[in-house]
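Please look at the sequence and the model together before reading on. Try each question yourself before you turn to its answer.

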Amino acid sequence: SAIIKALVKPGEGVIVQTPVYNCFFSSIRNNGCTTVENRLRHIDLRFNQDSIVLDNLHYTAGQSDFTVNGTVSNLRRALVSRTNNTLGLRLTLSSDTINVNEIVHALFAGTADSAAIWNDTDSDAADDRLMTAADTTATGPLLVPRNIDARFGIRAKHVLYSDLVLHRFTGNLLVYDGTVNLRKLAASTEAGAISVDGLYNG
């Protein structure tokens, strides 16, 4: 309870890796916070001093679920070396549902906006608060580490973002030398199909 009071403010979420004792849930609730259940299932991995291989790792947080396959390489140098220390990630993520609203909320929302975003019956006002919470002019730019070389292939049946429900979402996210490349992101909505490419340099 003392740790929750020191690190978390009322209205914010606390991630819990279940199963845990019931007192963890009551401590979170008694401090005015909400529980975000976090589950890892079917952990099948192989590793050595330099790499990790993931086979069908199932991860659930809130309403979002992910199945992860792939490799993490050059671990030792990334952790201890000043040269040739680029961490390599080659991962595919498949999902039934990704709730971007929850993820953005968990990453950026402060205490005051936290409860307001989810309890506001005015959807336009809630969207404004959500965008303000994620506004980089208020939080600062997202800094992308330069020692990461990552390639993520993403497939999701449903993606929830603001009032949009995206179906059959696919695409690739590439990270290299501090740059994020969104490549061939595609999905369908009730209004039609969309496709996005983008580049971000943090």
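The questions below move from strand pairing to the core, then to a ring pair and to one asparagine.

This is a predicted model, in which local features need pLDDT of at least 70 and side-chain atom pairs count only at pLDDT 80 or more, while totals for chains, interfaces and linings use all residues. Residues are numbered from 1 along each chain as its sequence is written, and side-chain values use heavy atoms, with hydrogens and water left out.

Q: In which sense do strand 6 and strand 7 pair, parallel or antiparallel?
A: Strands here are DSSP runs of E with at least two residues, numbered from the N terminus, and two strands pair if DSSP finds at least two bridges between them. Glycine 88 stands opposite aspartate 149 in strand 7. Over 12 bridges, strand 6 and strand 7 (residues 148–161) pair in a sense that is parallel.

Q: How many bridges join strand 5 and strand 6?
A: Valine 68 stands opposite leucine 93, a residue of strand 6. Strand 5 (residues 64–73) pairs with strand 6 in the antiparallel sense, and the number of bridges is 7.

Q: Which strand gives the most residues to the largest nonpolar core?
A: A nonpolar core is a set of buried Ala, Val, Leu, Ile, Met, Phe, Trp, Tyr and Cys residues joined through side-chain atoms within 4.5 Å, where buried means under 20% relative accessible area, exposed over 50% and partly exposed in between, with a 1.4 Å probe and protein chains only. The largest such core has 22 residues, of which Val68, Leu89, Leu91, Val159 and Phe169 touch the most other members. With 5 residues, the strand that gives the most to this core is strand 6.

Q: Why does the pair of tyrosine 59 and phenylalanine 66 count as stacked or tilted?
A: Rings of Phe, Tyr and Trp (its six-membered ring) pair if their centres lie within 6.5 Å, and planes under 30 degrees apart count as stacked, over 60 as edge-to-face and the rest as tilted. By this rule there is 1 aromatic pair. Because the centres of the rings of tyrosine 59 and phenylalanine 66 are 6.4 Å apart and their planes are at 25 degrees, the pair is stacked.

Q: Is asparagine 99 buried or exposed?
A: Asparagine 99 is found in strand 6 (residues 87–99), and a polar atom of its side chain lies 3.1 Å from the backbone nitrogen of glutamate 102. Because its relative accessibility is 6%, asparagine 99 counts as buried.

Conventions
Helices (H or I, at least four residues) and strands (E, at least two) are DSSP runs, numbered from the N terminus. A polar contact is a pair of N or O atoms within 3.5 Å; within protein, one must be able to donate a hydrogen and the other to accept it, and residues adjacent in sequence count only if both atoms are side-chain atoms.
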